[in-house]
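Student: I am new to this structure. Please take me closely through one part of it, then show me what lies around that part.

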Amino acid sequence: MAYEAIRYELADGIATITLNRPAVHNAMNERMREELTACFGELARAEDARVIIVTGTGERAFSAGADIREFVAPQVPVRFRDSRRRVDFRAAMDRCPQPIIAAIRGFALGGGLELALACDIRIAGEDSQLGLTEVNLAIIPGGGGTQRLPRVVGRGKALEMILTGARIPADEALRIGLVERVVPEGQALAAATELARTLAARAPVALRYAKEAIVKGLELPLADGLRLETDLSTLLRTTEDRVEGAKAFLEKRPPRWTGR
(Lines give C-alpha, C1' and ligand atoms only; values in the text may rest on other atoms or scores of the structure.)
Protein backbone atom coordinates (compact mmCIF):
# COMPACT_ATOMS: atom_id res chain seq x y z
CA MET A 1 0.00 0.00 0.00
CA ALA A 2 1.05 3.64 -0.45
CA TYR A 3 2.03 5.03 2.94
CA GLU A 4 0.83 8.44 4.11
CA ALA A 5 1.02 8.38 7.90
CA ILE A 6 4.35 6.55 8.06
CA ARG A 7 7.57 6.45 6.05
CA TYR A 8 9.40 3.22 5.23
CA GLU A 9 13.02 2.79 4.21
CA LEU A 10 15.22 -0.27 3.75
CA ALA A 11 19.01 0.02 3.51
CA ASP A 12 21.80 -2.43 4.33
CA GLY A 13 19.41 -4.89 5.93
CA ILE A 14 17.88 -2.26 8.25
CA ALA A 15 14.19 -1.39 7.86
CA THR A 16 13.24 1.99 9.33
CA ILE A 17 9.61 2.85 10.03
CA THR A 18 9.02 6.51 10.83
CA LEU A 19 5.71 7.75 12.24
CA ASN A 20 4.98 10.76 10.05
CA ARG A 21 2.34 13.07 11.51
CA PRO A 22 4.57 15.70 13.15
CA ALA A 23 1.86 18.39 13.24
CA VAL A 24 -0.01 16.31 15.86
CA HIS A 25 3.06 14.84 17.60
CA ASN A 26 2.75 11.67 15.50
CA ALA A 27 -0.60 10.83 17.08
CA MET A 28 -2.02 7.56 15.82
CA ASN A 29 -5.13 7.72 13.67
CA GLU A 30 -6.84 4.84 11.89
CA ARG A 31 -4.76 5.40 8.75
CA MET A 32 -1.51 5.09 10.71
CA ARG A 33 -2.69 1.92 12.47
CA GLU A 34 -3.64 0.36 9.11
CA GLU A 35 -0.28 1.27 7.58
CA LEU A 36 1.68 -0.05 10.56
CA THR A 37 -0.27 -3.31 10.43
CA ALA A 38 0.42 -3.72 6.71
CA CYS A 39 4.08 -2.73 7.01
CA PHE A 40 4.89 -5.07 9.90
CA GLY A 41 2.90 -7.80 8.17
CA GLU A 42 5.17 -7.50 5.14
CA LEU A 43 8.31 -7.33 7.29
CA ALA A 44 7.37 -10.55 9.08
CA ARG A 45 7.85 -12.32 5.73
CA ALA A 46 10.82 -10.27 4.49
CA GLU A 47 14.23 -11.90 4.29
CA ASP A 48 16.13 -8.77 3.24
CA ALA A 49 15.25 -6.88 6.44
CA ARG A 50 17.43 -8.15 9.27
CA VAL A 51 16.65 -5.46 11.88
CA ILE A 52 13.76 -3.01 12.28
CA ILE A 53 13.89 0.50 13.74
CA VAL A 54 10.75 2.40 14.75
CA THR A 55 10.95 6.15 15.31
CA GLY A 56 8.98 9.36 14.91
CA THR A 57 9.52 12.35 12.67
CA GLY A 58 10.11 15.80 14.10
CA GLU A 59 11.77 16.96 17.30
CA ARG A 60 8.83 16.83 19.70
CA ALA A 61 7.55 13.28 19.81
CA PHE A 62 8.02 9.60 19.13
CA SER A 63 4.23 9.46 19.41
CA ALA A 64 1.88 11.25 21.78
CA GLY A 65 -0.60 8.36 21.53
CA ALA A 66 -4.00 8.06 19.90
CA ASP A 67 -5.47 10.93 17.92
CA ILE A 68 -8.07 12.20 20.39
CA ARG A 69 -10.14 13.68 17.57
CA GLU A 70 -11.23 10.12 16.76
CA PHE A 71 -12.55 9.71 20.33
CA VAL A 72 -15.33 12.28 20.06
CA ALA A 73 -17.83 10.30 17.99
CA PRO A 74 -19.80 7.56 19.82
CA GLN A 75 -18.52 4.05 19.12
CA VAL A 76 -20.38 0.78 18.80
CA PRO A 77 -18.49 -1.62 21.10
CA VAL A 78 -18.76 -4.70 18.86
CA ARG A 79 -17.60 -2.81 15.77
CA PHE A 80 -14.77 -1.15 17.69
CA ARG A 81 -13.57 -4.52 19.01
CA ASP A 82 -13.73 -6.14 15.57
CA SER A 83 -11.86 -3.21 14.04
CA ARG A 84 -9.07 -3.42 16.61
CA ARG A 85 -8.72 -7.15 16.00
CA ARG A 86 -8.51 -6.56 12.25
CA VAL A 87 -6.08 -3.64 12.50
CA ASP A 88 -3.65 -4.85 15.15
CA PHE A 89 -0.13 -3.72 14.32
CA ARG A 90 1.22 -4.92 17.67
CA ALA A 91 0.16 -8.47 16.85
CA ALA A 92 1.90 -8.02 13.49
CA MET A 93 5.01 -6.88 15.38
CA ASP A 94 4.86 -10.01 17.54
CA ARG A 95 5.09 -12.08 14.36
CA CYS A 96 8.26 -10.32 13.17
CA PRO A 97 11.29 -12.56 13.74
CA GLN A 98 13.67 -9.60 13.41
CA PRO A 99 14.82 -7.57 16.41
CA ILE A 100 12.80 -4.34 16.64
CA ILE A 101 14.42 -1.24 18.14
CA ALA A 102 12.47 1.82 19.28
CA ALA A 103 14.30 5.14 18.90
CA ILE A 104 12.40 7.48 21.23
CA ARG A 105 12.59 11.26 21.22
CA GLY A 106 10.22 13.54 23.10
CA PHE A 107 6.77 12.25 23.99
CA ALA A 108 6.04 8.52 24.08
CA LEU A 109 2.61 8.55 25.66
CA GLY A 110 -0.40 6.27 25.67
CA GLY A 111 -0.46 4.28 22.46
CA GLY A 112 2.96 5.67 21.61
CA LEU A 113 4.50 4.01 24.64
CA GLU A 114 2.51 0.85 23.88
CA LEU A 115 4.14 0.83 20.44
CA ALA A 116 7.56 1.16 22.08
CA LEU A 117 6.70 -1.62 24.54
CA ALA A 118 5.96 -3.92 21.59
CA CYS A 119 9.54 -3.34 20.39
CA ASP A 120 12.35 -5.53 21.69
CA ILE A 121 14.84 -2.81 22.64
CA ARG A 122 14.13 0.82 23.56
CA ILE A 123 16.65 3.67 23.25
CA ALA A 124 15.51 7.08 24.54
CA GLY A 125 16.86 10.58 24.22
CA GLU A 126 17.37 12.62 27.38
CA ASP A 127 14.39 14.78 26.42
CA SER A 128 11.96 11.85 26.38
CA GLN A 129 8.81 11.67 28.50
CA LEU A 130 7.11 8.31 28.76
CA GLY A 131 3.77 7.31 30.23
CA LEU A 132 0.51 5.43 29.87
CA THR A 133 -1.78 8.41 30.37
CA GLU A 134 -5.13 6.89 29.35
CA VAL A 135 -6.68 7.15 32.83
CA ASN A 136 -6.71 10.93 32.34
CA LEU A 137 -9.26 10.36 29.56
CA ALA A 138 -11.36 7.94 31.63
CA ILE A 139 -10.07 4.89 29.75
CA ILE A 140 -7.30 2.34 30.28
CA PRO A 141 -4.42 1.29 28.03
CA GLY A 142 -5.96 -0.88 25.34
CA GLY A 143 -2.98 -1.62 23.11
CA GLY A 144 -1.16 -4.06 25.35
CA GLY A 145 -0.02 -1.56 27.98
CA THR A 146 -1.62 -3.27 30.98
CA GLN A 147 0.07 -6.53 30.00
CA ARG A 148 3.45 -5.52 28.59
CA LEU A 149 4.37 -2.78 31.07
CA PRO A 150 4.22 -5.00 34.20
CA ARG A 151 6.28 -7.62 32.40
CA VAL A 152 8.95 -4.98 31.79
CA VAL A 153 8.98 -2.90 34.99
CA GLY A 154 7.13 -5.11 37.48
CA ARG A 155 3.63 -5.12 38.96
CA GLY A 156 3.92 -2.29 41.45
CA LYS A 157 5.62 0.25 39.20
CA ALA A 158 3.22 -0.57 36.35
CA LEU A 159 0.24 -0.02 38.64
CA GLU A 160 1.68 3.27 39.84
CA MET A 161 2.28 4.52 36.29
CA ILE A 162 -1.06 3.40 34.88
CA LEU A 163 -3.26 4.41 37.82
CA THR A 164 -1.73 7.89 38.07
CA GLY A 165 -1.32 8.44 34.35
CA ALA A 166 2.02 10.02 35.16
CA ARG A 167 4.76 10.89 32.69
CA ILE A 168 8.28 9.91 33.67
CA PRO A 169 11.55 11.32 32.34
CA ALA A 170 14.14 9.28 30.47
CA ASP A 171 16.47 8.83 33.44
CA GLU A 172 13.64 7.37 35.53
CA ALA A 173 12.63 5.12 32.63
CA LEU A 174 16.20 3.82 32.52
CA ARG A 175 16.28 3.26 36.28
CA ILE A 176 13.16 1.09 36.26
CA GLY A 177 14.15 -0.82 33.13
CA LEU A 178 11.55 0.68 30.80
CA VAL A 179 14.31 1.64 28.35
CA GLU A 180 17.66 -0.05 27.80
CA ARG A 181 19.68 3.08 27.07
CA VAL A 182 19.46 6.88 27.39
CA VAL A 183 21.46 9.03 24.98
CA PRO A 184 21.89 12.80 24.54
CA GLU A 185 18.97 14.73 23.12
CA GLY A 186 18.62 14.22 19.38
CA GLN A 187 20.84 11.12 19.31
CA ALA A 188 18.28 8.32 19.79
CA LEU A 189 17.92 7.46 16.10
CA ALA A 190 21.69 7.56 15.55
CA ALA A 191 22.23 5.25 18.52
CA ALA A 192 19.49 2.90 17.32
CA THR A 193 20.99 2.85 13.83
CA GLU A 194 24.45 2.06 15.20
CA LEU A 195 23.01 -0.84 17.20
CA ALA A 196 20.99 -1.99 14.19
CA ARG A 197 24.14 -2.08 12.05
CA THR A 198 25.85 -4.21 14.69
CA LEU A 199 22.92 -6.65 14.73
CA ALA A 200 22.55 -6.68 10.93
CA ALA A 201 26.18 -7.83 10.68
CA ARG A 202 25.37 -11.00 12.63
CA ALA A 203 24.25 -14.27 11.02
CA PRO A 204 20.57 -13.66 10.11
CA VAL A 205 19.14 -17.02 11.15
CA ALA A 206 21.04 -17.03 14.44
CA LEU A 207 19.76 -13.52 15.15
CA ARG A 208 16.15 -14.58 14.61
CA TYR A 209 16.47 -17.80 16.57
CA ALA A 210 18.08 -15.99 19.50
CA LYS A 211 15.12 -13.61 19.62
CA GLU A 212 12.68 -16.51 19.41
CA ALA A 213 14.42 -18.40 22.20
CA ILE A 214 14.25 -15.40 24.55
CA VAL A 215 10.80 -14.02 23.68
CA LYS A 216 9.00 -17.36 23.43
CA GLY A 217 11.01 -18.87 26.27
CA LEU A 218 9.81 -16.20 28.70
CA GLU A 219 6.26 -17.38 28.07
CA LEU A 220 7.14 -20.97 29.05
CA PRO A 221 8.08 -22.84 32.22
CA LEU A 222 11.87 -23.07 32.53
CA ALA A 223 12.05 -26.73 31.48
CA ASP A 224 10.06 -26.02 28.30
CA GLY A 225 12.12 -22.92 27.60
CA LEU A 226 15.32 -24.92 27.87
CA ARG A 227 13.86 -27.51 25.50
CA LEU A 228 13.05 -24.74 22.99
CA GLU A 229 16.60 -23.43 23.30
CA THR A 230 18.02 -26.90 22.63
CA ASP A 231 15.80 -27.39 19.58
CA LEU A 232 16.73 -24.04 18.05
CA SER A 233 20.40 -24.50 18.85
CA THR A 234 20.32 -27.92 17.17
CA LEU A 235 18.67 -26.50 14.04
CA LEU A 236 21.36 -23.83 13.77
CA ARG A 237 24.04 -26.50 13.65
CA THR A 238 22.64 -27.62 10.28
CA THR A 239 23.08 -24.23 8.55
CA GLU A 240 25.68 -23.15 6.02
CA ASP A 241 26.29 -20.03 8.10
CA ARG A 242 27.34 -22.15 11.08
CA VAL A 243 30.07 -23.75 8.94
CA GLU A 244 31.06 -20.35 7.51
CA GLY A 245 31.31 -18.90 11.01
CA ALA A 246 33.71 -21.63 12.11
CA LYS A 247 35.84 -21.29 8.95
CA ALA A 248 36.00 -17.50 9.25
CA PHE A 249 37.08 -17.79 12.88
CA LEU A 250 39.86 -20.25 12.06
CA GLU A 251 40.97 -18.25 9.02
CA LYS A 252 40.88 -14.98 10.97
CA ARG A 253 38.63 -13.19 8.46
CA PRO A 254 35.18 -11.58 8.53
CA PRO A 255 32.40 -14.13 7.90
CA ARG A 256 30.29 -13.96 4.74
CA TRP A 257 26.76 -14.80 5.85
CA THR A 258 24.20 -16.08 3.34
CA GLY A 259 21.24 -16.63 5.65
CA ARG A 260 21.22 -20.35 4.83
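Tutor: Start with the contacts of Asn-26. Leaving aside neighbours within four places in sequence, Asn-26 is in contact with Leu-19, Asn-20, Arg-21, Met-32, Gly-56, Thr-57, Ala-61, Phe-62, Ser-63, Ala-64 and Gly-65. Keep in mind that this is a predicted model. Asn-26 sits in the loop between S2 and H1. Is Asn-26 buried or exposed? Its relative accessible area is 0%, so Asn-26 counts as buried. The side chain of Asn-26 also has a polar partner. One of its polar atoms lies 3.4 Å from the backbone oxygen of Phe-62.

Now follow one contact, Gly-65. Gly-65 lies in the loop between S4 and helix H2 (77-86). Gly-65 is buried too, with a relative accessible area of 1%. Again leaving out neighbours within four places in sequence, Gly-65 touches Asn-26, Ala-27, Met-28, Leu-109, Gly-110, Gly-111 and Gly-112. Look at Ala-27 in that list. Gly-65 and Ala-27 are 38 residues apart in sequence. In space, their C-alpha atoms are 5.1 Å apart.

Next, the strands. The loop of Asn-26 begins after S2. S2 covers residues 14-19 and runs parallel to S3, with six bridges joining the two. One pairing to find is Thr-16, whose bridge partner in S3 is Ile-53. Between these strands comes helix H1 (residues 30-43). Together S2, H1 and S3 make a right-handed β-α-β unit.

How many residues of S3 are buried? Strand S3 spans residues 51-56, and six of its six residues are buried. Both faces are covered. Val-51, Ile-53 and Thr-55 are on one side. Ile-52, Val-54 and Gly-56 are on the other. Gly-56 is also among the contacts of Asn-26.

S3 has another parallel partner, strand S5 (residues 100-104), over three bridges. Ile-53 appears again here: its bridge partner in S5 is Ile-101.

Go back to S4, the strand before the loop of Gly-65. S4 belongs to an open sheet of four strands, in the order S4-S6-S8-S9, with mixed pairing. Strand S4 (61-63) and strand S9 (168-169) stand at the edges with a single partner strand each, so one side of each has no neighbour in the sheet. S4 pairs with strand S6 (residues 107-109) in the parallel sense, over two bridges. Within this pair, Ser-63 has Ala-108 of S6 as its bridge partner. Ser-63 is also one of the contacts of Asn-26.

Two helices come next. The axes of helix H9 (residues 204-217) and helix H10 (residues 222-236) come within 9 Å and cross at roughly 170°. That crossing makes H9 roughly antiparallel to H10. H9 contributes Val-205, Ala-206, Tyr-209, Glu-212, Ala-213, Lys-216 and Gly-217 to the contact. H10 contributes Gly-225, Leu-228, Leu-232, Leu-235 and Leu-236.

End with Trp-257. Trp-257 lies in the segment after helix H11 (240-250). Its relative accessibility is 23%, so Trp-257 counts as partly exposed. Not counting residues up to four places away in sequence, Trp-257 touches Arg-50, Ala-201, Arg-202, Ala-203, Pro-204, Asp-241, Glu-244 and Gly-245. The side chain of Trp-257 reaches the backbone oxygen of Ala-201 at 2.9 Å. For Val-135, the separation is 122 residues along the chain from Trp-257 and 48 Å between C-alpha atoms.

Conventions. Residues are numbered from 1 along each chain as its sequence is written. This is a predicted model: local features need pLDDT of at least 70, side-chain atom pairs count only at pLDDT 80 or more; totals for chains, interfaces and linings use all residues. Side-chain values use heavy atoms; hydrogens and water are left out. Buried means under 20% relative accessible area, exposed over 50%, partly exposed in between (1.4 Å probe, protein chains only). Contact means heavy atoms within 4.5 Å. A polar contact is a pair of N or O atoms within 3.5 Å; within protein, one must be able to donate a hydrogen and the other to accept it, and residues adjacent in sequence count only if both atoms are side-chain atoms. Two strands pair if DSSP finds at least two bridges between them. A crossover is right-handed if, with the strands pointing away from the viewer, the path from the first strand over the helix to the second runs clockwise. Axes are lines fitted to C-alpha atoms, for helices over the stretch in contact, and angles run from 0 to 180 degrees between N-to-C directions. Angles under 35 degrees count as roughly parallel, over 145 as roughly antiparallel, 65 to 115 as roughly perpendicular and the rest as oblique.
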